[in-house]
Amino acid sequence: MKEEIRKRLENAVKTLEPYRSYGQMVSDAINNVKKLHSLVEDPTGNLDEALSIVNAMVSQLGPYSSYMPEVAETLKVTQEWLTGLKEKPPERPQKPETPELSVAKYAKKELVAIIQAQSGMSTRAQIPRDPSMINMMAGDPDFNQPDFIGKAVYDAIQEGHTHYSFGGDPEFKAAIADYYKKYGVKVDPSTQVIIESGGSQAIFRSFGAILNPGDEFLVLDPAYGGYSTPAAYFGAKMTRAKMKKDAKGLFRPDMESIKAAITDKTKGMLICNPDNPCGTVYTEAELKALADLVVDKDIVVIADEIYTEFVWGDHKHRSIINLPDMWERTMVLMSFSKTFAWTGCRAGYIIAGPELSKLVSNVPTGICSMPVAFQRAGIVALREGWGFVDEMRKAYKERIDAMVPRLNEIEGISCPYPEGAFYLFPDISGTGLPSMRFMMELMQREKVLGAPGMIYGPNGEGHVRFALVKPKEKLLEACDRIERFVNGLK
Ligand SMILES: Cc1ncc(COP(=O)(O)O)c(C=O)c1O
């Protein structure tokens, strides 16, 4: 219909044109018909304007319509058509659907599988910025670095420590080797200490050193979540061996399930000692049993020991690298993030035998490394930072001692004392809620945030993790809120 009307309007212009000289009224009519012609091209957006023009013309032309019947007819038809459109707008032609862009085809399938498995799991994105929220989700210490460490960074820059440092600052590496002697381990700093920008880079490079596509890599369950993406990145399949609770309710490595989970494809296994999220510190017997097994199975151990400075009571940190035949099959991952509350400064290192160290160093992370000025400040931290570490240790211990008994007063919650690290991993299964729902509802109703246990693996279900990175008073307030929340479930 639109095309027919446009044709009619074109003819109307032709009919009127010879009479243009008759006066203003005719030339106005010609202009209006031309305007109508352009408006009806896309009538939906211009209906009101087109209708008002055509209505006015119909009434103006009324007395003269018999002189120009084709023009009068054209205006009538146009008026009827536009009025009809006004009453019932035409359906807009549907835009062809934009095909959904799938980037999955470019990606490593292991990573895509992880993203899919994790979708809907993260509570981090849903954390509202709310001052009344008690956030115990991430393990980011609430202590700031003492001034003397910040000054050491500044001094290092002033002194010109702003250049490449291939292989890391030798004095920093020597200071690390010196520090690690406290665990009875003597290392050659030049060949056995590899500087990393944080524990996460240490994970990435240690995995990269040994994992090929198709390999299996064993973690215990529950396990810290930061291992799965790097393993997938290198094309390895992460397998899990369930930990088992001891009489106190702490998850411990279970040799039977570890043995059962090791296959011909298993390249290595990871232990987190002291363990995040479980709080377990491995005993000498556990380390010995594990070392015997990995030697027997001829696999590598990656020992994530970033919480070594936070071990409670009579428990003692021991490193598996120190056991017989473990030198060239162990990579110890360390980080300053927790030791010196340096999470944002990206400082860490790996200790390994000389051959394994070469493999790690060859994992190309380029010059993306711990900044040299921070390496220099790291020397100062290792020399003078222990008073600060003591203060943090004392505060964490007080927090644990305050919060564990308080949580245990709450019906449906059972919380063991951790042996190490600064997390609590209470069993909340008595409340009847799965961990994700527990956490989401606790956040919404009482503004308390922690991590649901299921993100650490299927065996973590029924638990939640609280990072004790808030002052004691805040943690106790959180316990009050948790209690109110749990009582409200009844
Ligand atoms: C067990 C464990 N390993 C590694 C990391 C990563 O350490 P970084 O923050 O130094 O990258 C964390 C951080 O929370 C951790 O808990």
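Start by selecting helix α6, residues 147-158, together with helix α15, residues 372-384, in this predicted model. The axes of the two helices come within 8 Å and cross at roughly 140°, and that angle makes α6 oblique to α15. If you turn the view until one helix lies in front of the other, the crossing to look for is a right-handed one. Now show the side chains on both helices: Phe148, Ile149, Ala152, Val153, Ala156 and Ile157 in α6 meet Ala373, Phe374, Arg376, Ala377, Val380, Ala381 and Glu384 in α15. Coloured by class, this contact of α6 with α15 shows 11 nonpolar residues, two charged residues and no polar ones.

Next, colour the protein by domain. Domain 1 covers residues 2-87, domain 2 is made of two stretches, 123-140 and 388-487, and domain 3 runs over 147-385. When you place a marker at the centre of domain 1 and another at the centre of domain 3, taking the centres over C-alpha atoms, 83 Å separate them.

Go now to residues 24-39, which form helix α2, and to residues 43-61, which form helix α3. Their axes come within 9 Å and cross at roughly 155°, and α2 and α3 are therefore roughly antiparallel to each other. In this pair the crossing is left-handed. On the side of α2, the residues to select are Ala29, Asn32, Lys35, Leu36 and Leu39, and they meet Pro43, Asn46, Glu49, Ala50, Ile53, Val54 and Met57 in α3. The residues of this contact divide into eight nonpolar, two polar and two charged.

For another helix pair, select α16, residues 386-408, and α18, residues 472-487. These helices pack at an angle of about 10°, with their axes 9 Å apart, and they are therefore roughly parallel to each other. In α16, pick out Glu398, Arg399, Ala402, Met403, Arg406 and Leu407, which meet Lys472, Leu475, Leu476 and Cys479 in α18. By class, the contact of α16 with α18 holds six nonpolar and four charged residues, with no polar residue among them.

Then move to the ligand and display the residues around it, of which there are 14. Which of them come nearest to the ligand? They are Gly198, Gly199, Ser200, Ser335 and Ser337. Taken by class, the shell around the ligand consists of three nonpolar residues, 10 polar residues and one charged residue.

The last stops concern the backbone, and it helps to know beforehand that most residues other than glycine have a negative phi, and that most peptide bonds are trans. Select the loop between β7, residues 266-272, and α12, residues 284-297, where Pro274 has its place. The peptide bond that joins Asn273 and Pro274 is cis, with omega at about -5°. Pro277 also lies in the loop between β7 and α12, and the bond leading to Pro277 from Asn276 is cis, with an omega near 15°.

Finally, find Asp325 in the loop between β8, residues 300-304, and β9, residues 330-335. Is the phi of Asp325 positive or negative? Its value is near 65°, which is positive, in a residue other than glycine.

Conventions:
Residues are numbered from 1 along each chain as its sequence is written. This is a predicted model: local features need pLDDT of at least 70, side-chain atom pairs count only at pLDDT 80 or more; totals for chains, interfaces and linings use all residues. Axes are lines fitted to C-alpha atoms, for helices over the stretch in contact, and angles run from 0 to 180 degrees between N-to-C directions. Helices (H or I, at least four residues) and strands (E, at least two) are DSSP runs, numbered from the N terminus. Angles under 35 degrees count as roughly parallel, over 145 as roughly antiparallel, 65 to 115 as roughly perpendicular and the rest as oblique. A crossing is left-handed if the near helix is turned anticlockwise from the far one by less than a right angle, and right-handed if clockwise. Two residues are in contact if their C-beta atoms, placed from the backbone, lie within 7 Å. Ala, Val, Leu, Ile, Met, Phe, Trp, Tyr, Cys and Pro count as nonpolar, Asp, Glu, Lys and Arg as charged, and the others, Gly among them, as polar. A residue is near a molecule or strand if its C-beta atom, placed from the backbone, lies within 6 Å of it. Domain bounds come from an automatic or database domain assignment.
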